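Dear colleague,

I am passing on the structure we spoke about, with its sequence, so that you can look through it at your own pace. My notes follow below it, and I would suggest keeping the two side by side while reading.

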Amino acid sequence: MDVLRPTLVRIGGRVYRKNIIHEQVQQQEEEEEDFYTGPSDCADEPCDAFVVEETEKGFQCRVEVPSPLYKYIIGKKGETKKRLETETRTSISIPKPGVEGEIVITGQQRGAVISARTRIDVLLDSFRKKQPFTHFLSFALNQPVIQEKFLQFKEEVLEKCSQDHGVSSSLFQNPAKLHLTLGTLVLLNEQEIQKACDLLQQCKEDFVDQITGGKPLSVEVVGVEYMNDDPAMMDVLYAKVHMKDGSDKLQVIADQLVERFVASGLMLREWDRVKLHATVMNTLFRKDPSGAEERSSTVTGKSSFKERESFNGRNILKLFENFSFGEAQLDAVLLSQRYSSDASGYYGTAGRLVLH
């Protein structure tokens, strides 16, 4: 890390520097992340981003934290928690592993409690970004006519292009799971899932119904395009989706939904605008046919991308550039669960925003 250009973390309108502390462990040396929030966390201005209660013994603040993140506050052998308590002169109470609850910070000074809370927020924000996503917002594109045309596309590609480098049947999407991904989420407990469901309904009332007029979106799935720069070294081939009436309703709904979810803290921004695409071939499917397909970027993934075996898609592009996968009525935005299936073969649904 460049000392003069440290990583910056933005939380609640504030900017923090992220420092790396090197600690010697008996048999191995590891890097542990720490965060320096500066000498004037809250000294010169009121911190009203969270509630600090006055008690008989001083002050306390409660933080709702999903249980999978407790370990990042505790640290190896409790070292992170001890250091936080020592440096901020507070006491931090954390529920037992696997038990959902609140982390409670207590201290003699209000500023000390605020400092501890701020540092915990920065830690949680950093480690949440490293969690693999659990859910994603999607439009299902697995209507019977689309599935039928997709299977025709697969058959013809294998018939005409199977001699091209890397092309094989293992590359193709499961037809029951064809979809448009709007964005991915890390939802670590039932409360966060419920928050996402509630936000979907709020979006329906605030802008979706106005855009759709209470009707499903009629779309066409026509043509294929690839993600990376070289068609001879493809990793992802996708079908293009657009509104039948030529409008931008689908794009506007997708962009505004992502904007809301990013603003709520439930989603990380991946693109300036949503790239509307339905993955039909993906080199990740060779090794992980069940759950790699919901993501086409590398925000949380580390391992798979080095191992991908690209395919030569030049002939596929030439022969299927304008292939029609059919038309569909999109009637709901789904909060889909990764690595799951429902009775139809599509992903399990944790919530939905009905368009009609």
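A convenient place to begin is the pairing of Phe136, whose bridge partner in strand 9 is Thr184. Please bear in mind throughout that this is a predicted model.

Phe136 belongs to a set of residues in strand 8 that face in two directions: His135, Leu137 and Phe139 point one way, while Phe136, Ser138 and Ala140 point the other way, and all of them are buried. Strand 8 covers residues 135-140, and because 6 of its 6 residues are buried, the strand is largely enclosed by the rest of the structure. Strand 8 pairs with strand 9 (residues 179-185) in the antiparallel sense over 6 bridges, and strand 8 also runs antiparallel to strand 14 (residues 332-337), to which 4 bridges join it. In that second pairing, His135 stands opposite Gln337 of strand 14.

Next, the aromatic residues. A search of the whole structure gives 10 aromatic pairs. One of them is formed by Tyr72 and Phe127, whose ring centres are 4.3 Å apart and whose planes meet at 10°, so this pair is classed as stacked. Tyr72 lies in helix 1 (residues 70-74) and Phe127 in helix 3 (residues 110-128), so the contact ties together parts of the chain that are 55 residues apart in sequence. Phe127 has a relative accessible area of 16% and is buried.

Another aromatic pair, Phe153 with Phe323, is tilted, with 5.4 Å from centre to centre and 55° between the planes. This pair also links distant parts of the chain, since Phe153 is in helix 4 (residues 144-161) and Phe323 is in the loop between helix 8 (314-320) and strand 13 (324-330), 170 residues apart. Both Phe153 and Phe323 are buried, and they belong to one aromatic cluster together with Phe150, Phe172, Phe320 and Phe325.

Two lysines deserve a look alongside these rings. Lys149 lies over the face of Phe323, at 5.5 Å from the ring centre, and the charged end of Lys177 sits over the ring of Tyr347, 4.8 Å from its centre.

Finally, the structure holds 13 salt bridges, and I describe some of them here. The side chains of Glu102 and Arg62 meet at 3.2 Å, N to O; Glu102 lies in strand 7 (residues 101-107) and Arg62 in strand 5 (residues 58-65), so this salt bridge ties together parts that are 40 residues apart in sequence. Glu102 is partly exposed, at a relative accessible area of 33%, and Arg62 likewise counts as partly exposed, at 41%.

In the salt bridge between Asp209 and Lys204, the closest N and O atoms are 3.0 Å apart. Here Asp209 counts as partly exposed at 28% relative accessibility, whereas Lys204, at 17%, is buried.

Glu309 and Arg286 form a further salt bridge, with their closest N and O atoms 3.8 Å apart. Glu309 is in the loop between helix 7 (304-307) and helix 8, and Arg286 is in the loop between strand 12 (277-282) and helix 7, so the pair ties together parts 23 residues apart in sequence. Glu309 is partly exposed at 38% relative accessibility, and Arg286 is partly exposed at 24%.

With best regards

Terms used
Residues are numbered from 1 along each chain as its sequence is written. This is a predicted model: local features need pLDDT of at least 70, side-chain atom pairs count only at pLDDT 80 or more; totals for chains, interfaces and linings use all residues. Side-chain values use heavy atoms; hydrogens and water are left out. Rings of Phe, Tyr and Trp (its six-membered ring) pair if their centres lie within 6.5 Å; planes under 30 degrees apart count as stacked, over 60 as edge-to-face and the rest as tilted. Buried means under 20% relative accessible area, exposed over 50%, partly exposed in between (1.4 Å probe, protein chains only). A charge sits over a ring if NZ of Lys or CZ of Arg is within 6 Å of the ring centre and within 35 degrees of the ring normal. Two strands pair if DSSP finds at least two bridges between them. A salt bridge is a side-chain nitrogen of Lys or Arg within 4 Å of a carboxyl oxygen of Asp or Glu.
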